Amino acid sequence: MNNFLELDLKHFVRSPTFEVGGHKWYIGMYPHGDKYSTDCLSLYLFLDTSDELPSESGKVVEMTLSILDQKNGKHWTRTSGLWVCGHSWGWPNFIGLKKLKDPSGGYVVGSSCLVKADLTIVGSSNDG
């Protein structure tokens, strides 16, 4: 994201769609928090609405979202553990805005913020 510091305070931002496990996904971000957070970046992984999983599919997923440290290589990462995917999963309080915007942290360089998603489809909750 090349214009992170210029984003509207209430603006929802989404990444381009990408494919994992035969399904389309995107990262969604509230740069200054959503309705469940205070002074934090909210970060979520969404299943693209054009690629709804049938409710009986029960895909079991593990997800890791990271804000990349562009200076020191110490990324800020959260991992979900296993979950049966629905529409979205993530963290309303992913990282505090003060920590995110601290120049020594390397998370925002210039006005650029890099977000990475690692997604593994482990199996199905319907597997015996």
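## Around strand β3

In the hairpin of β2 and β3, two residues sit between the strands, and G21 takes a positive phi near 65 degrees. This is a predicted model, so let's start at that turn and work outwards.

**The sheet around β3.** β2, which covers residues 18-20, pairs with β3 in the antiparallel sense over three bridges. F18 stands opposite W25 in β3. On top of that, β1 and β3 run antiparallel and are joined by two bridges, with R14 standing opposite G28 in β3. Then there's β4: six bridges join it to β3, again antiparallel. G28 turns up here too, with Y44 as its bridge partner in β4. Given all those neighbours, how buried is β3? Six of its eight residues are buried, so the strand is largely enclosed by the rest of the structure.

**The aromatics.** How many aromatic pairs does the model hold? The count comes to six. One of them is F12 with F46: the ring centres lie 5.8 Å apart and the planes stand at 90 degrees, so this pair is edge-to-face. F12 sits in the segment before β1 (13-14) and F46 in strand β4 (residues 40-47), so the pair links distant parts of the chain, 34 residues apart. Y30 and Y44 do something of the kind, with centres 6.5 Å apart and planes at 90 degrees, so they're edge-to-face as well. For a pair to count, the centres must lie within 6.5 Å. Y30 lies in strand β3 (residues 23-30) and Y44 in strand β4, so this pair ties together parts that are 14 residues apart in sequence.

Here's how the four rings fare for exposure, with under 20% as the cut-off for buried:

| Residue | Relative accessible area | Class |
|---|---|---|
| F12 | 29% | partly exposed |
| Y30 | 26% | partly exposed |
| Y44 | 12% | buried |
| F46 | 10% | buried |

In each pair, then, a partly exposed ring meets a buried one: F12 with F46, and Y30 with Y44. Add Y26 and you have one aromatic cluster, made up of F12, Y26, Y30, Y44 and F46.

**Charges over rings.** Which residue lies over the face of Y26? That's R14, at 3.6 Å from the ring centre. So R14 has two roles in this picture, as the residue opposite G28 and as the charge over a ring of the cluster. Elsewhere, R78 lies over the face of F94, at 5.9 Å from the ring centre.

**Cysteines.** A disulfide is a covalent bond between the sulfur atoms of two cysteines. How many disulfides are there here? Zero. C40 is buried, at 11% relative accessible area, and C113 is buried too, at 1%.

**The whole chain.** Zooming out, the protein has one helix and ten strands. From the N terminus on, the order is β-β-β-β-β-β-β-α-β-β-β. Of its 128 residues, 42% count as buried. Looking at contacts with a separation of 6 or more, 60% come from residues 24 or more positions apart. As for the surface, the protein exposes about 7100 Å², and carbon and sulfur atoms supply 51% of that.

Methods. Residues numbered from 1 in each chain as written. Predicted model: local features only at pLDDT ≥ 70, side-chain atom pairs only at ≥ 80, totals over all residues. Heavy atoms only, no water. Phe/Tyr/Trp six-rings, centres within 6.5 Å; stacked < 30°, edge-to-face > 60°. Helix = DSSP H or I, 4+ residues; strand = E, 2+ residues; numbered from the N terminus. Buried < 20%, exposed > 50% of the residue type's maximum accessible area, 1.4 Å probe, protein only. Lys NZ or Arg CZ within 6 Å of the ring centre and 35° of its normal. Pairing = 2+ DSSP bridges. Disulfide = S-S within 2.5 Å. Contact = heavy atoms within 4.5 Å. Areas by Shrake-Rupley, 256 points an atom, 1.4 Å probe, with all protein chains shown as cover.
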